[in-house]
Structure formats: C-alpha cells, structure tokens
Amino acid sequence: MSQNHFTLSFPLKSPADAKALAEQLPPLMPGLFQATDTIGRVHYSRFTVLSEKTLLFLGDFDGEFDQLMTDFAKLAGPVFDAILQHVENPPPTPVAANVEAFVKWAAAHLVRAVNLYTAYPDVTAKEIKALASAADVSGSGELHPFLVILPVKSYLHFVTVQMILRARGRGTTKDLDSVGTPHFAQFVPLENNQIGFFTVYDGSFNKYIADFTKNIGQVFDLIFKFTKNPPPSPCRKHLQEFIDFAAGANRVPIGFYQAYPGLSVQDIHALIADSKPQAALGG
C-alpha cells in the first residue's frame, strides 16, 4: 500500500455558492469524519475555499484514488450531495446511487501535485493507529494544516516554478526531514498561475515557520523570484516578514480530519522504531 495525496477541485457556480459552502460545510464534518474513520485509509484531510469559484478538498491517504472516492461516495454521500448543489456541471446525485459517475467526475477534477513529501512513507494509517493502541500511546501534540497560496507573476513563471520544484524533489524531501515537524507536504499547481503549498505540521505556527525557514527557506527564496509581492529574501534573514507573509497567504481550513489525533512526527517515528525489534523476533 503506497501513500498518496489528492487535491480535488470543485468548480463553483458563483461567489454566493462559495460563501454558502463556507457556512454549510462545518456542520457536515462530523459525518464526514465518521465515514473517514470507517474507511480507515486517510491520514489527514481538510477543505478550503480557494476562491469565489473553487472549493478544494485535500487529503493524504493510502492506496488508490478511485477506491477512496468509491468509499467516500458510499459512506459520505450526503456531504458530497450538499457540495455538488453548488458545483458547475456536477455528476448525478445522490452520489451513493451514482458511485461510478462520481468517481469518474472526481478523477477528472483531480489536481496532481508537483511533488509529495511524507515523514513516514512505509506505514499506513491503520498501522499507525494499531501501533499507538498496542503501546497505549495517545497523542497530546498540537497539529495544524498549513494552506499557503502563492500567486505567480505569469504563466511562463508558473511553468518555471514547477520545473524548479520537480528538479529539487529529493533535496526538498531532505530539507523537510531536517525540519522534523511536517507530516505530509505538497506543492500543487492551481488556477490563475498559483502554487499551493499544503502541509500538516506539529507545534506552533511561529516555531514551525522559524524551523521551516532555517531548513527549507532557500526553496522559497527561489520561488519568490517569480511570485507577486513576495517578502524580502533570503527568508532566514527576514524571519518576521516571512512569518507575516505566510500568515497572510494561509487559507482557513474547514474540517481538519486526523486519523491519529495529536501524534507528532517524532511520536510516530518512535512507535515505528519500537515495533521493529518485535517484528524481527516474530512478535
């Protein structure tokens, strides 16, 4: 089972629909979370309103996208029925009775990430939950989603930024490992020449940005050459300006789902390490 990420883009009919969804989605989240727990293959997920014409649904999961969307249609159909009332050219509803059409529609509206990062690539959400349960460990940490949208100056620059990010793939992974607090991270190309940087991280926002700037600031220094109204560079020498910029560019998440709430990256690494000697002994 390989870990994966999805960014699903819902094209909205009007600004009024974007506003309506921002109000209607929060009460629907408990039902979605229950369905997601039942599915058991999602690590984290969240919605955010990208613009007056787009709603995003993001998630980090195990396995195949089509199977995940099939399960969402069957188990969380009413949530997606409510969303699709506000969407241009939606698939037929109720989605629970039109699963194949919903899965096909979702695949056509999947935005592929430029690169993906995971802090623990070899374990599934179910395995992490099982390890935590066996060790009687409950998470006490503070986790947050980070949804930063970077507007790029032009389409040519937009293409250039994606090329830079692809070229730096392994380097970016190493840098994020050095930060030590991101669980998952993705750079995702979005509408109107925008780049989304989406992470789930441990701890406070200011500390995360400070650690982040020290370890991966040079990536953003490169991107900022092509970004509208960037903060001063290099980031590490202008930490407060970068914190202020990141806070301003950060989108509000709707419904932050956590499969193993409060477990930090270091907690999960410790659980994995503790399980290996037992596995080697056949335990």
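Modeller: Two strands pair if DSSP finds at least two bridges between them, and strands (E, at least two residues) and helices (H or I, at least four) are DSSP runs numbered from the N terminus. With that in hand, Tyr117 stands opposite Ala185 in β7.

Biologist: Before we go on, what sort of model is this?

Modeller: It's a predicted model, where local features need pLDDT of at least 70 and side-chain atom pairs count only at pLDDT 80 or more, while totals for chains, interfaces and linings use all residues. Residues are numbered from 1 along each chain as its sequence is written, and side-chain values use heavy atoms, leaving out hydrogens and water.

Biologist: Okay, what makes β5 and β7 a pair?

Modeller: Four bridges join them, and they run antiparallel. The cut-off is at least two bridges, so they count as paired.

Biologist: And what about β7 and β8?

Modeller: β7 (residues 182-190) and β8 (residues 194-202) have eight bridges, again antiparallel. Gln186, for instance, stands opposite Phe198 in β8, and Leu190 stands opposite Gln194. The two strands form a hairpin with three residues between them, and Asn192 in the turn has a positive phi of about 55°.

Biologist: Why are β5 and β6 called edge strands?

Modeller: The open sheet has four strands in the order β5-β7-β8-β6, with antiparallel pairing. β5 (115-118) and β6 (143-151) each pair on one side only. Ignoring direction, neighbouring strands here are turned by 10° against each other on average.

Biologist: What makes β7 "mostly covered"?

Modeller: Nine of its nine residues are buried, meaning under 20% relative accessible area (over 50% is exposed, in between is partly exposed; 1.4 Å probe, protein chains only). Helix α6 (residues 155-167) lies across β5, β7 and β8, at about 40° to β8.

Biologist: Which helix is also mostly covered?

Modeller: Helix α3 (residues 77-84), with seven of its eight residues buried. Those are Gly77, Val79, Phe80, Asp81, Ala82, Ile83 and Leu84. Their cover includes β1 (3-11), α1 (15-39), β2 (42-51), β3 (54-62), α2 and α4, with contact meaning heavy atoms within 4.5 Å.

Biologist: Now the helix pairs. Why is α7 called roughly antiparallel to α8?

Modeller: The axes of α7 (residues 169-179) and α8 (residues 205-224) come within 9 Å and cross at roughly 160°. That makes α7 roughly antiparallel to α8: the label needs an angle over 145 degrees (under 35 is roughly parallel, 65 to 115 roughly perpendicular, the rest oblique). Axes are lines fitted to C-alpha atoms, for helices over the stretch in contact, and angles run from 0 to 180 degrees between N-to-C directions.

Biologist: Which residues meet there?

Modeller: Thr172, Asp175, Leu176, Ser178 and Val179 in α7 meet Tyr208, Asp211, Phe212, Asn215, Ile216, Gln218 and Val219 in α8. They divide into six nonpolar, four polar and two charged. Ala, Val, Leu, Ile, Met, Phe, Trp, Tyr, Cys and Pro count as nonpolar, Asp, Glu, Lys and Arg as charged, and the others, Gly among them, as polar.

Biologist: And why is α2 oblique to α4?

Modeller: The axes of α2 (residues 65-75) and α4 (residues 99-108) come within 9 Å and cross at roughly 130°. That value fits none of the other ranges, so α2 is oblique to α4. In this contact, Phe65, Asp66, Met69, Thr70, Ala73 and Lys74 in α2 meet Val99, Phe102, Val103, Ala106 and Ala107 in α4. By class, that's eight nonpolar, one polar and two charged residues.
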